[in-house]
Amino acid sequence: MTEAAELPPAPEQAREVFGERFADAVRYAELLAEAGVQRGLIGPREVPRLWERHLLNCAVLSEAVPEGVTVCDVGSGAGLPGIPLALVRNDLNITLLEPLLRRTNFLTEVVELLGLDHVTVVRGRAEEVMGKLPPVHVVTARAVAPLDRLAAWGIPLLRPYGEMLALKGDTAEEELKAAATALTKLGAVSTSVLQVGEGVVDPLSTVVRVEVGESPGGVRFAAKRAKAARTGRARRRRG
């Protein structure tokens, strides 16, 4: 039996969550179960639980994302949570940021196949694109790294008063406490742990929210951001 054959039918909740993009969500699940497994983007054992553990778990993150904002999905991998979020939220302008070529190739194929015109795929590491990509309202991430390290990558990509939303597991509270000092140095002014997905996923999806003030990344990144802005202006003048 192939991995694709092991993909279970979409649960009824998926039809409700994805609405008019339900067929696209099904196609994305099939791509993950086929090409995603073949290219090593997800493990074969994840296929039977793709809907509950991955697509729906990520789609409900939309409950925490404001309307009409810009989003950067850091370390997007196979597109989680960025693509499920894009399927349920046409109002968002989403960048899928991923350093590995085989993953960005897959993401580009998915975006084109599903007609996600409000999604852009960018190959690179977060620390490399700061100043090259416009700052965003929201940074999202899932299972990329411990919270302190993830924040060091994601927070500098935010615009002032933006927020990072990180999908985490049972250790969210502990991670948040352990990362408190690092988050403060990065310009965080408020942190919280949210539970989303009532009536859709069980257990609920756990989200760590980190809100920043007027200086995302803190003092450490202020000079880098200013230098990147000057470089960008100089390039535009030369162009």
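**Exercise 1. Describe how helices H2 and H3 are placed relative to each other, and name the residues that join them.**

Solution. Begin with the geometry: the axes of H2 (residues 22–38) and H3 (residues 50–59) come within 12 Å of each other and cross at roughly 120°. Here helices (H or I, at least four residues) and strands (E, at least two) are DSSP runs numbered from the N terminus, while axes are lines fitted to C-alpha atoms, for helices over the stretch in contact, with angles running from 0 to 180 degrees between N-to-C directions. The model is a predicted one, in which local features need pLDDT of at least 70 and side-chain atom pairs count only at pLDDT 80 or more, whereas totals for chains, interfaces and linings use all residues. Residues are numbered from 1 along each chain as its sequence is written, and side-chain values use heavy atoms, with hydrogens and water left out.

Next, classify the angle. Angles under 35 degrees count as roughly parallel, over 145 as roughly antiparallel, 65 to 115 as roughly perpendicular and the rest as oblique; H2 and H3 are therefore oblique to each other. Their crossing is right-handed, a crossing being right-handed if the near helix is turned clockwise from the far one by less than a right angle, and left-handed if anticlockwise.

Finally, list the partners. From H2, the residues Ala25, Val26, Tyr28, Ala29, Leu32 and Ala33 meet Leu50, Trp51 and Leu55 of H3, where contact means heavy atoms within 4.5 Å. By class, this contact of H2 with H3 has nine nonpolar, no polar and no charged residues (Ala, Val, Leu, Ile, Met, Phe, Trp, Tyr, Cys and Pro count as nonpolar, Asp, Glu, Lys and Arg as charged, and the others, Gly among them, as polar).

**Exercise 2. Determine how many of the residues of H3 are buried, and which elements they pack against.**

Solution. Buried means under 20% relative accessible area, exposed over 50%, and partly exposed in between, with a 1.4 Å probe and protein chains only. By this rule H3 is mostly covered, since eight of its ten residues are buried, namely Leu50, Trp51, His54, Leu55, Leu56, Asn57, Cys58 and Ala59. These buried residues pack against helices H1 (12–18), H2 and H4 (82–88), and also against strands E4 (136–142), E5 (158–168) and E7 (205–212). For the chain as a whole, buried residues make up 50% of the 239 residues.

**Exercise 3. Work out the setting of Ser62, in the loop between H3 and strand E1.**

Solution. Ser62 sits in the loop that runs between H3 and strand E1 (70–74), and at 15% relative accessibility Ser62 counts as buried. The side chain of Ser62 reaches the backbone oxygen of Ala59 at 3.0 Å. Leaving aside neighbours within four places in sequence, Ser62 is in contact with Leu85, Val88 and Arg89.

**Exercise 4. Describe the pairing of H2 with H5, and then place Val110 and Thr108 of H5.**

Solution. The axes of H2 and H5 come within 11 Å and cross at roughly 150°; H2 and H5 are therefore roughly antiparallel to each other. H2 passes H5 in a right-handed crossing, and the contact is made by Asp24, Arg27, Tyr28, Leu31, Leu32, Ala35 and Gly36 of H2 together with Phe106, Val110, Leu113 and Leu114 of H5. By class, the contact of H2 with H5 has eight nonpolar, one polar and two charged residues.

Now take Val110, which lies in helix H5 and, at 1% relative accessibility, counts as buried. Not counting residues up to four places away in sequence, Val110 touches Tyr28, Leu31 and Ile83. The C-alpha atoms of Val110 and Arg27 are separated by 9.1 Å, although these residues are 83 apart along the chain.

Thr108 is also found in helix H5 (residues 101–114), but at 31% relative accessibility Thr108 counts as partly exposed. A polar atom of the Thr108 side chain lies 2.8 Å from the backbone oxygen of Thr104.

**Exercise 5. Locate the cis peptide bonds before Pro81 and Pro203, and examine the phi value of Tyr161.**

Solution. The peptide bond from Leu80 to Pro81 is cis, with omega near 10°, and Pro81 is in the loop between E1 and H4. Another cis peptide bond joins Asp202 and Pro203, with omega about 5°; Pro203 is in the loop between strand E6 (188–196) and E7. Turning to Tyr161, phi is near 65°, a positive value in a residue other than glycine. Tyr161 lies in strand E5 and, at 60% relative accessibility, counts as exposed.

Conventions. Polar contact = N/O pair within 3.5 Å; in protein donor to acceptor, adjacent residues only side chain to side chain.
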